[in-house]
Amino acid sequence: MYKVSELQNIDLPNDGLECSVKGKFYYRISDHGESGNNYVNCYVDDLSDNSSSKLFLSDEVGETVIDGDETFGMMVGGEFAYYDIDVELECVIKKTPQGLICATVEKLKLEKDGDSQVFSF
């Protein structure tokens, strides 16, 4: 299982790397994202203050979490968000000019304060 920061220095195959990743999950529902880029609001990183090591997930992943969530969402700064939640995911990682993205996600597990929930894709 990789941390996001460990993936930064790995030479990834062109078709991506199938792996497991652990970190902190973030997703905010916002209209502030860049037009045409659906990898803006949903990501995983190692630490809440580590902005340089992000693995971006599509907003569709975040929407699937919202649709099935029972526990983890909260209001942050007037926006509904998922913030600093432990996550493990099984996915295919690709490197793009904008950074690392999860091209596909098979399974995502959120955990906080002893509660956990698994989402399948």
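Me: Is Asp86 buried, partly exposed or exposed, and what is its relative accessibility?

Reply: This is a predicted model, and the reading of Asp86 rests on its computed relative accessibility. A residue counts as buried under 20% and as exposed over 50%, with partly exposed in between. At 37% relative accessibility, Asp86 therefore counts as partly exposed.

Me: Which side chain does Asp86 meet in a salt bridge, and how should I read such a pair?

Reply: Side chains of opposite charge can pair when their charged atoms come close. Here the side chains of Asp86 and Lys24 meet in a salt bridge, at 2.6 Å from N to O. This pair links distant parts of the chain, since Asp86 is in strand β6 and Lys24 in strand β2, 62 residues apart. Lys24 also meets the side chain of Asp84 in a salt bridge, with an N to O distance of 3.9 Å, and that pair again connects strand β2, which holds Lys24, to strand β6, which holds Asp84, across 60 residues.

Me: How many salt bridges does a search of the whole structure find, and where else is there one?

Reply: The search of the whole structure finds four salt bridges. One of them joins the side chains of Glu90 and Lys107, at 3.6 Å from N to O. Glu90 is in strand β6 and Lys107 in strand β7, 17 residues apart, and this pair too links distant parts of the chain. Glu90 is partly exposed, with a relative accessible area of 31%, and Lys107 counts as partly exposed at 34%. Salt bridges that share partners, moreover, join Lys24, Asp84 and Asp86 into one network.

Me: What is notable about the backbone of Asp84, and which other residue has a positive phi although it is not a glycine?

Reply: Most residues other than glycine have a negative phi, and most peptide bonds are trans. Asp84 has a positive phi of about 60 degrees although it is not a glycine; this residue is found in strand β6 and is partly exposed, with a relative accessible area of 24%. Asp113, likewise not a glycine, has a positive phi of about 50 degrees. Asp113 lies in the loop between β7 and β8 and is exposed, with a relative accessible area of 73%.

Me: How many aromatic pairs are found, and how does one tell a stacked pair from an edge-to-face pair?

Reply: Planes under 30 degrees apart count as stacked and those over 60 as edge-to-face. A search of the whole structure finds four aromatic pairs. Among them, Tyr26 and Tyr43 form a stacked pair, 5.0 Å centre to centre with 20 degrees between the planes. Tyr26 lies in strand β2 (residues 17-28) and Tyr43 in strand β3 (residues 42-45), so the pair ties together parts that are 17 residues apart in sequence. Both Tyr26 and Tyr43 are buried. The rings of Tyr26 and Tyr83 have their centres 5.3 Å apart and their planes at 75 degrees, so this pair is edge-to-face. Tyr83 is in strand β6 (residues 79-96), 57 residues from Tyr26 in strand β2, and the pair thus links distant parts of the chain. Tyr83 counts as partly exposed, at 41% relative accessibility.

Me: Which residues form one aromatic cluster, and which residue lies over the face of Tyr43?

Reply: Tyr26, Tyr43, Phe56 and Tyr83 form one aromatic cluster. Lys54 lies over the face of Tyr43, at 4.3 Å from the ring centre.

Me: Which residues of helix α2 are buried, and why can they be said to line one face of the helix?

Reply: An α-helix has 3.6 residues a turn, so residues three or four places apart point the same way. In helix α2 (residues 59-68), the buried residues are Asp59, Val61, Gly62 and Val65. Seen down the axis of α2, these residues fall within an arc of 155 degrees, so they line one face of the helix. On the other side of α2, Glu60 and Asp67 are exposed. The buried residues of α2 pack against β2, β3, β4 (54-57), β6, β7 (99-112) and β8 (115-120).

Me: How many residues has the largest nonpolar core, and which element gives the largest share?

Reply: In soluble globular proteins, nonpolar side chains tend to be buried together. The largest nonpolar core here has 27 residues, and those with the most contacts inside it are Val21, Phe25, Leu57, Leu89, Ile93, Leu108 and Leu110. The elements that give two or more residues to this core are α1 (4-7), β2, β3, β4, α2, β6 and β7. Strand β6 supplies the largest share, six residues.

Definitions and conventions:
Residues numbered from 1 in each chain as written. Predicted model: local features only at pLDDT ≥ 70, side-chain atom pairs only at ≥ 80, totals over all residues. Heavy atoms only, no water. Phe/Tyr/Trp six-rings, centres within 6.5 Å; stacked < 30°, edge-to-face > 60°. Helix = DSSP H or I, 4+ residues; strand = E, 2+ residues; numbered from the N terminus. Buried < 20%, exposed > 50% of the residue type's maximum accessible area, 1.4 Å probe, protein only. Lys NZ or Arg CZ within 6 Å of the ring centre and 35° of its normal. Arc of directions from axis to C-beta. Contact = heavy atoms within 4.5 Å. Core = buried A, V, L, I, M, F, W, Y, C linked by side-chain atoms within 4.5 Å.
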